[in-house]
Amino acid sequence: MAGGVARSVDRSDGIPVAGDTIQIGIAVDIPEPWGGLLTRRRMQTGDPQVVPAHVTLLGPTEIPLAALESVEAHLAQVAAAHLPFTLHLRGTGTFRPVTQVVFVAVAAGISECELLAAAISAAPHLHRELRFPYHPHVTVAQDVAPEALDRAYEDLADFSAMFEVEGFTLFSHSGATRWQPRRDFRLGG
(Lines give C-alpha, C1' and ligand atoms only; values in the text may rest on other atoms or scores of the structure.)
Protein backbone atom coordinates (compact mmCIF):
# COMPACT_ATOMS: atom_id res chain seq x y z
CA MET A 1 0.00 0.00 0.00
CA ALA A 2 2.65 2.46 -1.01
CA GLY A 3 2.02 5.79 -2.60
CA GLY A 4 -1.44 6.19 -1.09
CA VAL A 5 -3.02 3.31 -3.00
CA ALA A 6 -5.37 1.33 -0.79
CA ARG A 7 -5.99 -2.30 -1.58
CA SER A 8 -9.04 -4.34 -0.75
CA VAL A 9 -7.99 -7.83 0.27
CA ASP A 10 -10.44 -10.65 -0.40
CA ARG A 11 -10.26 -13.11 2.49
CA SER A 12 -13.39 -15.05 1.50
CA ASP A 13 -11.45 -17.82 -0.23
CA GLY A 14 -9.90 -19.00 3.03
CA ILE A 15 -6.43 -18.83 4.48
CA PRO A 16 -3.66 -20.64 2.61
CA VAL A 17 -2.33 -23.09 5.17
CA ALA A 18 -0.11 -26.12 5.41
CA GLY A 19 -1.37 -28.10 8.37
CA ASP A 20 -1.42 -25.97 11.50
CA THR A 21 0.94 -23.30 10.16
CA ILE A 22 0.85 -20.46 7.68
CA GLN A 23 3.72 -18.86 5.80
CA ILE A 24 3.71 -15.07 5.89
CA GLY A 25 5.85 -12.19 4.71
CA ILE A 26 5.59 -8.43 5.17
CA ALA A 27 6.60 -5.84 2.59
CA VAL A 28 6.25 -2.32 1.27
CA ASP A 29 4.82 -2.42 -2.25
CA ILE A 30 6.47 -0.31 -4.94
CA PRO A 31 3.70 1.78 -6.58
CA GLU A 32 3.13 2.29 -10.30
CA PRO A 33 4.65 3.10 -12.62
CA TRP A 34 7.87 1.93 -10.95
CA GLY A 35 6.55 -1.31 -9.45
CA GLY A 36 5.49 -2.74 -12.79
CA LEU A 37 8.71 -1.66 -14.46
CA LEU A 38 10.90 -3.31 -11.79
CA THR A 39 8.76 -6.46 -11.77
CA ARG A 40 9.03 -6.78 -15.56
CA ARG A 41 12.77 -6.15 -15.40
CA ARG A 42 13.15 -8.97 -12.87
CA MET A 43 11.14 -11.32 -15.09
CA GLN A 44 13.32 -10.40 -18.11
CA THR A 45 16.43 -11.67 -16.30
CA GLY A 46 14.91 -15.14 -16.15
CA ASP A 47 14.53 -14.92 -12.37
CA PRO A 48 12.13 -17.71 -11.32
CA GLN A 49 10.78 -15.58 -8.44
CA VAL A 50 7.78 -13.92 -10.08
CA VAL A 51 6.81 -11.50 -7.34
CA PRO A 52 5.75 -7.84 -7.56
CA ALA A 53 8.51 -5.34 -6.75
CA HIS A 54 8.73 -4.65 -3.02
CA VAL A 55 10.94 -3.83 -0.06
CA THR A 56 10.85 -6.75 2.36
CA LEU A 57 10.25 -5.93 6.03
CA LEU A 58 9.92 -9.58 7.13
CA GLY A 59 10.98 -12.40 4.83
CA PRO A 60 9.11 -15.69 4.52
CA THR A 61 8.25 -16.84 8.04
CA GLU A 62 6.20 -19.83 9.09
CA ILE A 63 3.96 -19.23 12.10
CA PRO A 64 1.31 -21.27 13.89
CA LEU A 65 -2.09 -20.61 12.35
CA ALA A 66 -3.41 -20.01 15.88
CA ALA A 67 -0.97 -17.06 16.21
CA LEU A 68 -2.20 -15.24 13.10
CA GLU A 69 -4.74 -13.08 14.94
CA SER A 70 -2.19 -11.93 17.53
CA VAL A 71 0.38 -11.29 14.76
CA GLU A 72 -2.13 -9.09 12.92
CA ALA A 73 -2.85 -7.21 16.16
CA HIS A 74 0.91 -6.69 16.64
CA LEU A 75 1.26 -5.41 13.07
CA ALA A 76 -1.59 -2.94 13.62
CA GLN A 77 0.22 -1.60 16.71
CA VAL A 78 3.50 -1.32 14.80
CA ALA A 79 1.82 0.55 11.95
CA ALA A 80 0.05 2.93 14.34
CA ALA A 81 3.36 3.75 16.05
CA HIS A 82 5.20 4.71 12.83
CA LEU A 83 4.56 7.69 10.59
CA PRO A 84 4.42 7.67 6.78
CA PHE A 85 7.77 8.43 5.15
CA THR A 86 9.41 9.15 1.82
CA LEU A 87 11.18 6.27 0.12
CA HIS A 88 13.76 7.13 -2.54
CA LEU A 89 15.01 4.31 -4.73
CA ARG A 90 18.13 5.15 -6.71
CA GLY A 91 20.68 3.16 -8.67
CA THR A 92 21.71 -0.46 -8.29
CA GLY A 93 23.73 -2.57 -5.92
CA THR A 94 24.65 -6.21 -5.53
CA PHE A 95 25.32 -8.73 -2.81
CA ARG A 96 27.76 -10.64 -5.04
CA PRO A 97 29.86 -12.66 -4.38
CA VAL A 98 28.05 -13.63 -1.14
CA THR A 99 24.69 -14.14 -2.90
CA GLN A 100 23.77 -13.83 -6.55
CA VAL A 101 21.49 -10.80 -6.16
CA VAL A 102 21.23 -7.44 -7.92
CA PHE A 103 18.95 -4.83 -6.41
CA VAL A 104 17.72 -1.27 -6.70
CA ALA A 105 19.10 0.61 -3.72
CA VAL A 106 17.13 2.49 -1.10
CA ALA A 107 18.72 5.96 -1.01
CA ALA A 108 16.35 7.55 1.53
CA GLY A 109 13.99 5.84 3.93
CA ILE A 110 16.59 3.31 5.07
CA SER A 111 16.24 4.03 8.79
CA GLU A 112 12.43 4.02 8.57
CA CYS A 113 12.51 0.58 6.93
CA GLU A 114 15.00 -0.65 9.52
CA LEU A 115 12.84 0.60 12.39
CA LEU A 116 9.71 -0.99 10.91
CA ALA A 117 11.49 -4.30 10.32
CA ALA A 118 12.84 -4.35 13.88
CA ALA A 119 9.45 -3.50 15.40
CA ILE A 120 7.70 -6.14 13.28
CA SER A 121 10.16 -8.88 14.20
CA ALA A 122 9.86 -8.05 17.92
CA ALA A 123 6.74 -10.23 18.16
CA PRO A 124 7.59 -13.70 19.53
CA HIS A 125 6.19 -15.56 16.51
CA LEU A 126 7.96 -13.23 14.07
CA HIS A 127 11.44 -13.23 15.55
CA ARG A 128 13.85 -15.33 13.53
CA GLU A 129 17.56 -15.63 13.08
CA LEU A 130 18.72 -13.81 9.95
CA ARG A 131 21.42 -15.20 7.66
CA PHE A 132 22.50 -11.62 6.86
CA PRO A 133 21.91 -8.21 8.47
CA TYR A 134 18.72 -6.47 7.32
CA HIS A 135 19.38 -4.25 4.30
CA PRO A 136 16.30 -2.65 2.66
CA HIS A 137 16.36 -3.00 -1.13
CA VAL A 138 14.28 -4.04 -4.15
CA THR A 139 15.56 -7.27 -5.70
CA VAL A 140 15.63 -7.10 -9.52
CA ALA A 141 17.62 -10.30 -10.27
CA GLN A 142 18.44 -13.33 -8.15
CA ASP A 143 20.11 -16.67 -8.85
CA VAL A 144 20.34 -16.15 -12.61
CA ALA A 145 23.28 -16.30 -15.03
CA PRO A 146 26.09 -13.82 -14.29
CA GLU A 147 25.41 -12.06 -17.61
CA ALA A 148 21.76 -11.46 -16.60
CA LEU A 149 22.90 -10.10 -13.24
CA ASP A 150 25.34 -7.77 -15.01
CA ARG A 151 22.64 -6.54 -17.43
CA ALA A 152 20.18 -5.81 -14.61
CA TYR A 153 22.91 -3.97 -12.70
CA GLU A 154 23.83 -1.84 -15.72
CA ASP A 155 20.32 -1.30 -17.12
CA LEU A 156 18.95 0.08 -13.86
CA ALA A 157 22.05 2.03 -12.75
CA ASP A 158 20.27 5.33 -13.47
CA PHE A 159 16.92 4.25 -12.00
CA SER A 160 15.29 6.72 -9.61
CA ALA A 161 11.88 6.81 -7.95
CA MET A 162 10.57 8.74 -4.97
CA PHE A 163 7.20 8.17 -3.28
CA GLU A 164 5.42 8.26 0.06
CA VAL A 165 5.09 5.02 1.99
CA GLU A 166 1.78 5.10 3.81
CA GLY A 167 1.67 1.48 4.94
CA PHE A 168 2.84 -2.08 4.54
CA THR A 169 1.20 -5.35 3.56
CA LEU A 170 0.95 -8.77 5.19
CA PHE A 171 1.21 -11.52 2.58
CA SER A 172 0.51 -15.24 2.95
CA HIS A 173 1.66 -18.21 0.91
CA SER A 174 0.41 -21.78 0.80
CA GLY A 175 3.35 -23.23 -1.09
CA ALA A 176 1.05 -24.10 -3.99
CA THR A 177 0.13 -20.56 -4.99
CA ARG A 178 1.93 -17.25 -5.29
CA TRP A 179 2.16 -14.83 -2.42
CA GLN A 180 -1.25 -13.29 -1.80
CA PRO A 181 -1.90 -9.94 -0.07
CA ARG A 182 -3.78 -10.63 3.13
CA ARG A 183 -4.07 -7.26 4.87
CA ASP A 184 -2.75 -3.71 4.54
CA PHE A 185 -1.61 -1.75 7.59
CA ARG A 186 -1.71 2.02 7.41
CA LEU A 187 1.14 3.91 9.08
CA GLY A 188 0.23 6.43 11.76
CA GLY A 189 -3.01 4.65 12.62
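## A loop with a cis proline

Pro33 sits in the loop that links β1 and α1. The peptide bond leading into it, from Glu32 to Pro33, is cis, with omega near 5°. Keep in mind that this is a predicted model.

There's another bond of this kind further on: a cis peptide bond joins Arg96 and Pro97, where omega is about 5°. Pro97 belongs to the loop between β3 and β4. As background, most peptide bonds are trans.

## The overall layout

Let's step back. The protein has 4 helices and 8 strands, and going along the sequence they come in the pattern β-α-β-α-β-β-α-β-α-β-β-β. Of its 189 residues, 44% count as buried.

If you look at contacts with a separation of 6 or more, 77% of them are between residues 24 or more positions apart. On the outside, the protein exposes about 9,700 Å², and carbon and sulfur atoms supply 54% of that.

## An open sheet of four strands

Now pick out the sheet in which 4 strands line up in the order β5-β4-β3-β6; this sheet is open and its pairing is antiparallel. At the edges are β5 (137-142) and β6 (160-165), each of which pairs on one side only. On average, neighbouring strands here are turned by 30° against each other, direction ignored. In general, strands of a sheet pair through backbone hydrogen bonds.

How many bridges join β4 to β5? There are 5, linking β5 to strand β4 (residues 101-108), and the two run antiparallel. To find your way around, look for Val101, which stands opposite Gln142 in β5. Helix α3 (residues 110-120) packs on this sheet, where it touches β3 (85-94) and β4, and its direction makes about 100° with that of β3.

## The buried face of α3

Which residues of α3 are buried? They are Cys113, Leu116, Ala117 and Ile120. Seen down the axis of α3, these buried residues fall within an arc of 100°, so they line one face of the helix. The spacing makes sense: an α-helix has 3.6 residues a turn, so residues three or four places apart point the same way.

What do the buried residues of α3 pack against? The list is β1 (21-29), β2 (54-64), α2, β3 and β7 (167-173).

## Helix α1 and the core

In helix α1 (residues 34-44), the buried residues are Gly35, Gly36, Leu38, Thr39, Arg41 and Arg42. Their cover includes β3, β4, β5 and α4 (146-155). Just after α1 comes Gly46, which takes a positive phi of about 90°.

Leu38 turns up again in the largest nonpolar core, which has 43 residues; Leu38, Leu89 and Phe168 are the ones with the most contacts inside it. The helix that gives the most to this core is α2 (residues 68-81), with 5 residues.

## One more backbone oddity

Finally, have a look at Asp143 in the loop between β5 and α4. Although Asp143 is not a glycine, it has a positive phi of about 55°. For context, most residues other than glycine have a negative phi.

Is Asp143 buried or exposed? Its relative accessibility is 56%, and the cut-off for exposed is over 50%, so Asp143 counts as exposed.

Definitions and conventions
Residues numbered from 1 in each chain as written. Predicted model: local features only at pLDDT ≥ 70, side-chain atom pairs only at ≥ 80, totals over all residues. Heavy atoms only, no water. Pairing = 2+ DSSP bridges. Axes fitted to C-alpha atoms, helices over the stretch in contact; angles between N-to-C directions. Contact = heavy atoms within 4.5 Å. Buried < 20%, exposed > 50% of the residue type's maximum accessible area, 1.4 Å probe, protein only. Areas by Shrake-Rupley, 256 points an atom, 1.4 Å probe, with all protein chains shown as cover. Core = buried A, V, L, I, M, F, W, Y, C linked by side-chain atoms within 4.5 Å. Arc of directions from axis to C-beta.
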